[in-house]
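Please open the structure in the viewer and keep the selection tool at hand. The tour below proceeds from one selection to the next.

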Amino acid sequence: MNKARVELLPSEQGMSISLPMFISSVSAGFPLPAEDYIDTMFDLNEYLIGNKSSTFLLRVRGNSMCDVGIYEGSILVVDKSIEPADGNTVIAIVNGEFLVKIYKIQGNRHVLMAANKNYAPIVMGEGGYIWGVATNCINELL
């Protein structure tokens, strides 16, 4: 099948959790000297959510977006207030189902592209529409 499906996750309104944020960054290349002190407290809600009233979390099912780091079980932060633009990762509703795809405008056609060569593009028809734009992706590492 040609779809990476998503499921809407329940939200806890008004919940804020601040976590310690270290001054130093972590290197993905050469080792950096470790610094053992905290710079500030960091609220993930402030970092991940631009517009609280229009932001939702969705869990991904399927592997059609794996080439852009969106995997089975990934959690997407989706903002319904953002106007979709060419190249955005979007949540679309096609034939009554939520899908996560890359939105492409090709002339007068609106196309949903997978990020996995094993899946064909979907040309959006009259029954489909963009529900929201994915702004962040949360993946487990373990």
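Begin with Gly-107, which takes a positive phi near 70 degrees in the hairpin of strand 7 and strand 8, where two residues lie between the strands. Strands here are DSSP runs (E, at least two residues), numbered from the N terminus. The model is predicted: local features need pLDDT of at least 70 and side-chain atom pairs count only at pLDDT 80 or more, while totals for chains, interfaces and linings use all residues. Residues are numbered from 1 along each chain as its sequence is written, and side-chain values use heavy atoms, with hydrogens and water left out.

Next, select strand 8 (residues 109-113), which pairs with strand 7 in the antiparallel sense over five bridges; two strands count as paired if DSSP finds at least two bridges between them. Within this pairing, Met-113 of strand 8 stands opposite Ile-102.

Keep Ile-102 of strand 7 selected and add Thr-89, which stands opposite Ile-102. This leads to strand 6 (residues 89-94), joined to strand 7 (residues 97-106) by six bridges in the antiparallel sense. Another bridge partnership to display is that of Ile-93 with Phe-98 in strand 7. At the turn of this hairpin, which has two residues between the strands, select Asn-95, with its positive phi of about 55 degrees.

Is strand 6 mostly covered or uncovered? Six of its six residues are buried, that is, under 20% relative accessible area (exposed is over 50%, partly exposed in between; 1.4 Å probe, protein chains only). Colour Thr-89, Ile-91 and Ile-93 on one side, then Val-90, Ala-92 and Val-94 on the other, to see that both faces are covered. In a regular strand the side chains alternate between the two faces of the sheet.

Now add strand 10 (residues 129-138), which runs antiparallel to strand 6 and is joined to strand 6 by four bridges. Gly-132 in strand 10 stands opposite Ile-91.

Finally, show the largest nonpolar core, a set of 13 residues in which Ile-91, Val-100 and Trp-131 are among those touching the most other members. A nonpolar core is a set of buried Ala, Val, Leu, Ile, Met, Phe, Trp, Tyr and Cys residues joined through side-chain atoms within 4.5 Å. A second, separate core of nine residues includes Val-90, Tyr-103, Leu-112 and Ile-122.
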